[in-house]
Amino acid sequence: MTEHLKLDGISVALDGHPIVRDVSFSLESGQIGSLLGPSGCGKTTLLRAIAGFVQPNTGTIHLRDNPIASADHSLTPEHRNIGMVFQDLALFPHLTVAGNVAFGIRDQSKTVRMARVTELLELTGLEDYADSYPHELSGGQQQRVALVRAMAPQPHVLLLDEPFSGQDIELREQLAREVSGILRHDGITALLVTHDQMEAFAFADVIGVMAAGELHQWDSAYNLYHRPADRFVADFIGQGVFIRGSVMDNGHLQTDLGVIAGELIGAYPPETEVELLVRPDDVIHHDESPQIATVVEKSFRGADHLYTLELPGPTRVLCLAPSHHDHAIGESIGIKLEMDHLVVFACETD
Amino acid sequence: MQNPSQLTLDVKPDKIARMPLSGWTLSSAVLTLLILTPIFTICAFLFAPVSANWAHLTNTVLPEYVRNSLILMTGVTVGAGSIGVTTAWLTSMYQFPGRKVLIWALLLPMAMPAYIIAYTYTGMLDVSGPLQEWIRITFDLQYGEYWFPQIRSIGGAIAMFSLVLYPYVYLLARAAFLDQSVCALDASRTLGCNAWQSFWQVALPLARPAVVAGISLALMETLADYGTVQYFGVATFTTGIFRTWFGMNDAVAAAQLSAMLMLFVFGLIALERWSRRRARYHHTTNTYQTLPEMTLPRTRRYLCTVLCATPVVLGFLIPVAQLLLWSLETFREMVDQRFIELASNSFALAAGAALVAMIPALVLAYGNREQPSLAMRVCTRLSAMGYAIPGTVIAVGVLIPFGALDRWFNGWTIAAFDYRPGLIFSGTVFILLFAYTVRFLAVSLATVEAGLGKIKPSMDEAARSMGSSRLHVLRSVHVPIMRGSLLTAIVIVFVDVLKELPATLVLRPFDFNTLAVRTYELASDERLADSSSAALAIVAVGIVPVILLSTAIARSRAGQSTQRKTA
């Protein structure tokens with residue numbers, strides 16, 4: 001087996017309520033994964049099951065081919081060698097930065113311990129704060145202490161439970177990239193839980209989208225965005241709208257925006273009523289285009305404009321246009337659709 | 001897919017360590033029942049048939065007990081309430097000379113037990129005291145030819161209680177004033193209130209729950225007092241309980257009087273709980289804001305200094321000075337081998353009680369953390385009820401069941417082994433330690449809970465994920481973080497036990513004496529000067545928790561301003 005961490009059909013119930021249902025995925029050694037989902041979707045519970053704070057009701061968790069948890073066996077957290085960075089960081093207020101970092105490697109010789117602490121603090125630019133106490137540090141610095149404390153014992157897997165949620169929004173992506181860089185530098189296998197997709201994109205190689213305790217898709221960020229496995233993932237990841245259409249004999253789509261050609265993802269027989277996912281970047285602003293749409297809403301985002309356009313039908317689509325294409329609300333502009341592959345889902349029959 | 005029986009592990013498999021399903025809840029429930037034994041005992045006597053003396057009591061002294069208790073409560077409400085609110089308002093709103101010192105000095109009278117301040121002022125103000133003597137000599141008058149207030153009266157008792165109990169009101173009211181949003185006060189000013197009107201119409205109503213809570217604590221102490229009212233000859237429930245138990249030898253009537261006193265106390269507990277609940281809604285802001293600390297014209301500034309210094313001078317400095325003077329006169333005779341023995345007796349007893357009270361406090365606090373449930377919360381709240389129950393009532397409540405236990409046990413050993421072990425429960429230090437635990441558990445429990453609250457559950461998990469066993473988490477995370485709180489709990493209970501008079505008086509083993517009891521005995525023999533050394537020792541030790549309290553407050557204020565965002 002090449003899997004480093006492997007979850008097989010994991011379900012967790014707390015107080016009789018099912019929280020996680022039948023989740024399976026695996027991470028390879030050195031791979032960084034992320035569990036993404038709205039709050040209450042069970043992602044944190046799943047993380048705690050991997051760490052050993054809750055026991056799964058069904059399924060097994062393997063770490064480096066050793067079973068660490070199942071319905072009838074559960075290795076205690078301290079015997080798993082799984083590191084964890086907590087949402088509230090959980091730094092020990094009575095220990096210095098160096099003391100916090102050395103906590104997990106207290107059994108090693110003093111020289112080894114000192115060397116590891118120094119190495120980690122240098123890696124994170126905290127070498128001057130070794131003797132400071134956690135409350136003397138800024139939020140970002142505390143974050144890094146929590147991270148290297150968990151890294152110090154060289155855990156087989158590092159789990160991160162929304163560690164950036166306490167930070168300012170502008171800082172989060174940057175921190176996520178920074179932390180991801182540190183983990184890659186040490187070749188650590190990691191799993192991040194978050195509800196912020198930009199954070200997940202910035203952090204992880206592979207991302208699992210969870211909702212209501214189920215794992216909907218375990219894939220790369222590119223695929224989640226461009227080839228969502230189901231309607232929920234399509235909705236949850238990125239922006240976009242669905243427009244109705246029907247599959248034609250040649251595999252193209254007949255929609256309110258005209259005939260749309262492209263590679264249809266999935267097999268749908270002709271005449272099937274479907275909904276087509278149209279991302280803002282699929283809609284190109286083109287002055288000569290015969291297809292005219294009216295601007296209903298606009299938001300200036302610096303490098304580009306995000307327009308909400310209304311087409312006869314009436315159908316609304318989003319369009320990402322370069323920053324200097326400045327149009328007023330009510331103005332009519334030409335657009336065309338550029339789609340290589342068509343993401344469609346069968347219409348839900350009422 | 002592997003078969004579970006083929007699981008191979010590189011580390012010994014072991015189930016997630018779980019406490020037996022209700023281990024914490026069970027032990028907490030047992031402890032709570034034990035702690036509540038005296039209260040149950042007293043309550044049970046509400047339904048017992050009345051004794052022969054009862055009719056006599058209700059016809060003669062009972063109305064007087066009720067009347068005196070109500071007068072005392074009204075007087076202390078006005079006295080402690082006005083001193084506490086005024087000093088709290090002035091120190092939190094205005095800048096005046098000496099303010100920084102007075103902020104903590106106003107807490108000092110807490111170190112002075114009411115019975116000791118009563119002895120001191122009696123010595124100074126009584127007929128034979130230096131003040132009246134000076135009046136007689138200066139104006140050449142005889143006793144009875146001039147008017148002088150009688151200190152040994154119900155009015156005197158109210159004054160004494162107000163002087164040492166106002167810090168409860170001061171402490172809570174000041175915290176409430178500091179918590180108030182400046183905006184509310186500013187808004188009232190823009191709406192046309194002057195400073196005086198904003199105080200009455202905005203600040204005081206916002207702080208009212210805190211003031212009510214402070215006053216109810218002061219009233220609980222008033223009802224619990226025995227030393228002062230006994231010395232001043234004010235007949236109340238506590239003196240009545242002593243009289244019926246030891247004078248009339250009627251345990252049933254004493255227990256029934258105790259039960260009646262408990263009804264007053266329950267009323268106060270309800271009042272305090274209710275006001276604290278309301279306080280939650282009155283809390284307007286979470287962030288600590290520095291109040292403007294207005295500056296006043298010079299004369300008013302000094303008026304503020306005088307107003308705030310007066311309670312400190314009257315409630316602490318003058319009595320301490322008097323005790324020092326007396327003690328200088330008498331310490332050569334009084335501080336002898338016997339005094340050392342007395343002090344070490346007291347200290348050992350207090351330290352023992354502080355440590356014993358720690359055990360149920362730890363079990364209940366950890367139970368609430370590990371197995372939070374409604375049952376656990378109820379256990380905790382019920383066990384903490386003793387702080388409101390007067391020492392006299394607790395004494396009666398433990399003496400009855402443990403006396404019965406001793407009688408039963410002796411009967412059994414005589415029948416079985418023809419051996420009489422004596423009063424091993426009710427006649428030893430055991431019963432004192434038990435009574436102290438019942439009375440002061442609330443103190444250690446609150447402190448331990450506050451300490452435990454600082455350890456977030458994620459800290460346990462962080463340590464476990466770094467390979468710590470449960471025991472190691474306890475040793476390397478909990479103990480160091482909690483050390484300060486545990487020490488504080490021990491110190492506060494230690495001092496409370498040292499000051500405690502009525503329960504000690506009733507329950508102490510034969511020939512076992514403490515500083516408090518000795519002070520009481522000497523004062524009762526009108527040997528006030530001789531009692532001063534023991535009294536001074538009690539006051540000196542009593543200052544320790546006051547210092548702890550004031551530094552804790554100062555630190556929490558400072559901490560809030562430097563604390564960075566960590567959530």
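**Two chains and an open sheet**

Okay, let me start with one small detail: A:Ala293 has a bridge partner in strand 20 of chain A, and that partner is A:Ile333. Keep in mind that this is a predicted model.

So where does that pair sit? Strand 17 of chain A covers residues 292–300, strand 20 covers residues 332–337, and three bridges join them. The two strands run antiparallel.

Now let's zoom out to the sheet. Five strands of chain A make it up, and if you walk across it you meet them in the order 16-20-17-18-19. The sheet is open, and its pairing is antiparallel. Which strands stand at the edges? Those are strand 16, residues 283–285, and strand 19, residues 315–322, in chain A. Each has a single partner strand, so one side of each is left without a neighbour in the sheet. And don't picture the strands lying perfectly parallel: ignoring direction, neighbours in this sheet are turned by 50° against each other on average.

Okay, chain A as a whole. You'll find eight helices and 21 strands there. Its C-alpha trace spans about 75 × 45 × 35 Å along the principal axes. The chain has 350 residues, and 44% of them count as buried. Take the contacts between residues at least 6 apart in sequence: 65% of those join residues at least 24 apart.

And then chain B. Here we get 22 helices and two strands. Chain B has 567 residues, with 44% buried. For chain B contacts between residues at least 6 apart in sequence, 84% link residues at least 24 apart.

That's my tour, thanks!

Key:
Residues numbered from 1 in each chain as written. Chains lettered and ligands numbered in written order. Predicted model: local features only at pLDDT ≥ 70, side-chain atom pairs only at ≥ 80, totals over all residues. Helix = DSSP H or I, 4+ residues; strand = E, 2+ residues; numbered from the N terminus. Buried ≥ 20, exposed ≤ 12 C-beta atoms within 10 Å, placed from the backbone. Contact = placed C-beta atoms within 7 Å. Pairing = 2+ DSSP bridges. Axes fitted to C-alpha atoms, helices over the stretch in contact; angles between N-to-C directions.
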